[in-house]
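Could you walk me through this model, stop by stop, while I have it open in my viewer? I would like to know what to select next and what I will find there.

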Amino acid sequence: MNTLATPGAGRSAIVNTKASADGMSGTASIRHESRDERRYLRITPSFFFVTPKGDRWPGQNLSQDGFSLQAKGPLAPGQRMSGQLVLPSAEGEIHLPLTASCLGKVSLCEKTPSKIWRFQIVDIGAGQTELLRALIRSHLAGRRLHLPALLDSHTEQTPRKRASAEPPSEPTAGRRRPWFRYLLLLTAFLTLLLVIAATLYQHFFLIEPDFAAVTAPRVEIRAPSSGIVSGHDVEAGDVIHRDEPLTHIEDVDLNSNLILAEAAKRFNQRLATHLEQELTSRSHLIDLIDPAQATTTGIANFSDISPIAARARLDQVISARDFHSARVDALRTRQSQNTLYSPCDCRVAWALSSAGGTFVDKGDRLMTLVRTTPGDVMVEALVHMRDIHRIHAGQDAFISLPGSHQTIPAKVRSLALDVERQPRAGFPEWVRQQQNIASVLVVPQQPLPTDRIGTPVDVRFSDAPLVDEATAWAKDIFERSVNASRRLIEHTIDVSRGFIERLSLSPSDDREAMPG
């Protein structure tokens with residue numbers, strides 16, 4: 001009988017070359033051990049445990065730390081047993097001497113007693129451990145374990161180790177160096193340096209506000225008097241021009257007072273004309289209507305007065321006429337103010353219902369207009385008080401609109417710790433409720449789109465002008481490089497497409513040119 005012995009700690013692993021009918025199958029099921037048991041992966045090969053008395057107990061599963069088998073003798077937990085694990089191979093049997101400690105029975109069912117006992121390997125040589133590991137890895141790889149494989153320095157499951165152990169081949173004289181790989185590595189390294197530099201620049205040199213949005217001056221159109229709003233064609237989103245009519249307020253009380261004032265003016269005008277004619281034509285008593293009695297009784301009563309009293313009465317009538325004339329002018333002015341016009345070239349942000357017939361009180365809001373001239377559209381940012389000392393008027397800033405990669409340069413116009421006196425549209429009032437922020441107005445160097453009013457934007461204040469110039473220069477070069485690369489790629493694609501089209505059309509042209 002041929003045997004193969006592996007050195008161990010006072011033991012030897014004996015490989016019997018006697019052929020075994022049972023082989024190791026790689027398709028057998030495997031499962032992980034529970035946390036309270038062994039700490040290795042279990043496999044289910046065909047093996048036996050040979051006791052010192054010569055009994056062969058069939059095994060159930062095997063791992064690098066233990067095994068389980070069907071014991072035929074009385075055992076107790078904690079009992080140690082010495083023996084040999086017999087595992088079949090392609091050429092024969094492999095014997096692994098070891099000492100194992102009994103852990104107890106495997107509980108399969110409460111009513112059916114189990115004969116399967118669990119063992120943990122407590123004493124095994126280093127050579128036997130490596131051989132057991134090779135057996136398990138061969139089983140996991142789905143191959144039979146061959147004896148020549150035990151003599152090699154590699155296993156069938158890890159061919160990468162065999163490739164790494166081979167000596168590197170000497171480079172040939174005509175082999176090209178991987179310059180393209182070096183270029184990619186250099187590009188990745190430079191990109192990493194740029195990302196690190198940008199992060200440091202953003203952390204130490206840039207000031208970012210808590211909130212920023214595109215704003216514009218807000219104009220509130222309110223009712224000058226109480227009345228009924230007439231119908232109009234103004235709706236939210238419309239663009240209106242200066243002095244364009246918006247709507248009209250129909251004030252019934254104002255119209256009534258105007259009619260009465262005009263009637264009183266006409267009456268006093270006629271009475272003054274009558275007195276002047278009577279004084280020029282008569283020198284005795286003059287007939288004069290009593291307006292107070294005519295108002296109370298409804299019947300006109302005339303009385304005779306002297307010329308001196310008539311002249312005094314004429315002065316009173318003229319004063320009353322002038323008073324009612326001035327009152328008519330004032331009421332007409334108030335009536336003209338009920339027709340509302342646009343104060344600027346604006347965009348309508350909100351408007352009352354245009355159906356008409358709505359009654360409003362004096363001071364009620366009718367419309368909200370937003371100035372859209374290029375000098376009025378700005379960006380308002382809220383900066384924390386810990387950073388406000390680093391911002392001053394005229395400082396450089398950068399605005400980034402959402403959905404756009406373009407950065408708009410800007411200048412700081414003013415700083416304020418309270419809300420701007422002039423109300424601005426596009427900035428929510430709930431954001432201003434914070435007590436530890438300051439308001440900063442930023443003027444863009446190029447006009448912002450008016451449809452972006454009320455849109456949140458990203459604003460960055462620079463604290464290092466030299467670094468900003470270098471960053472802008474590098475960004476400009478990068479953008480130019482990207483654009484040039486894009487144009488080159490597009491040109492290459494167009495040339496390739498044209499070449500392919502010519503190749504696809506040339507065979508048909510040749511066939512057409514052939515006679516017959």
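Start by selecting strands E9 and E10: the two run antiparallel and are joined by six bridges. To see one of these pairings up close, pick Thr 99, whose bridge partner in E10 is Asp 123. Keep in mind throughout the tour that this is a predicted model.

**Outward from E9 and E10**

Keep E10 (residues 116–123) on screen and add strand E7 (residues 66–70); five bridges link this antiparallel pair. Gly 66 is a good residue to label here, since it stands opposite Gln 120 in E10.

Now go back to E9 (residues 93–105) and bring in E8, which pairs with E9 in the antiparallel sense over nine bridges. Select Arg 80 and look across to E9, where Ser 101 stands opposite. While you are in this part of the chain, click on Cys 102 as well: its relative accessibility is 2%, so Cys 102 counts as buried.

From E8 (residues 80–88), step on to strand E5 (residues 48–50), an antiparallel partner of E8 over three bridges. Val 50 marks the spot, facing Gln 84 in E8.

**Zooming out for a moment**

Show the whole protein chain as a cartoon and you have eight helices and 27 strands in view. Of the 516 residues in the chain, 32% are buried. If you look at contacts between residues at least 6 apart in sequence, 68% of them join residues at least 24 apart.

**Three helices to select**

Begin with helix H1, residues 126–140. Its 15 residues reach 21 Å from the first C-alpha to the last, close to the 21 Å expected at 1.5 Å a residue. Colour the buried positions of H1, among them Leu 131, Leu 132, Leu 135 and Ile 136; Gln 128, Ser 138 and His 139 are also buried. Following H1 is Gly 142, with a positive phi near 80 degrees.

Next comes helix H5, residues 252–281. From first C-alpha to last, its 30 residues cover 44 Å, close to the 44 Å expected at 1.5 Å a residue. Zoom in on the N-terminal end of H5 and show side chains: Asp 251 caps it, with a side-chain oxygen 3.3 Å from the backbone nitrogen of Asp 253. The buried residues of H5 include Leu 254, Leu 258, Leu 271, Leu 275 and Leu 279, as well as Glu 262 and Glu 278.

For the third helix, select H7, residues 307–337. H7 has 31 residues and spans 45 Å between its first and last C-alpha, close to the 45 Å expected at 1.5 Å a residue. Among the buried residues of H7 you will find Leu 314, Val 317, Val 328 and Leu 331, together with Arg 321 and His 324.

**A four-stranded sheet**

Now select E18, E15, E13 and E20. In that order, these four strands form an open sheet with antiparallel pairing. E18 (339–341) and E20 (358–360) are the edge strands; each has a single partner, so one side of each is left without a neighbour in the sheet. From one strand to the next, the twist averages 35 degrees.

Zoom in on E13 (residues 227–229), which pairs with E20 in the antiparallel sense over three bridges. Val 229 has Thr 358 in E20 as its bridge partner.

Both of those residues return at the next stop, Leu 352, which is in the loop between strand E19 (346–351) and E20. Leaving aside residues up to four places away in sequence, Leu 352 touches Val 229, His 232, Thr 358, Val 360 and Leu 366. Measure from Leu 352 to Arg 365 as well: they are 13 residues apart along the chain, and their C-alpha atoms are separated by 8.0 Å.

**Two last selections**

Where is Asp 243 found? Look in the loop between strand E14 (239–240) and strand E15 (245–250). Most residues other than glycine have a negative phi. Asp 243, though, has a positive phi, near 65 degrees. With 54% relative accessibility, Asp 243 counts as exposed.

Finish with the cysteines. The structure holds one disulfide, formed by Cys 344 and Cys 346, whose sulfur atoms are 1.7 Å apart. Both Cys 344 and Cys 346 are buried.

How values were computed:
Residues are numbered from 1 along each chain as its sequence is written. This is a predicted model: local features need pLDDT of at least 70, side-chain atom pairs count only at pLDDT 80 or more; totals for chains, interfaces and linings use all residues. Side-chain values use heavy atoms; hydrogens and water are left out. Two strands pair if DSSP finds at least two bridges between them. Axes are lines fitted to C-alpha atoms, for helices over the stretch in contact, and angles run from 0 to 180 degrees between N-to-C directions. The expected span of a helix is 1.5 Å times one less than its number of residues. Buried means under 20% relative accessible area, exposed over 50%, partly exposed in between (1.4 Å probe, protein chains only). A disulfide is a pair of cysteine sulfur atoms within 2.5 Å. A polar contact is a pair of N or O atoms within 3.5 Å; within protein, one must be able to donate a hydrogen and the other to accept it, and residues adjacent in sequence count only if both atoms are side-chain atoms. Contact means heavy atoms within 4.5 Å.
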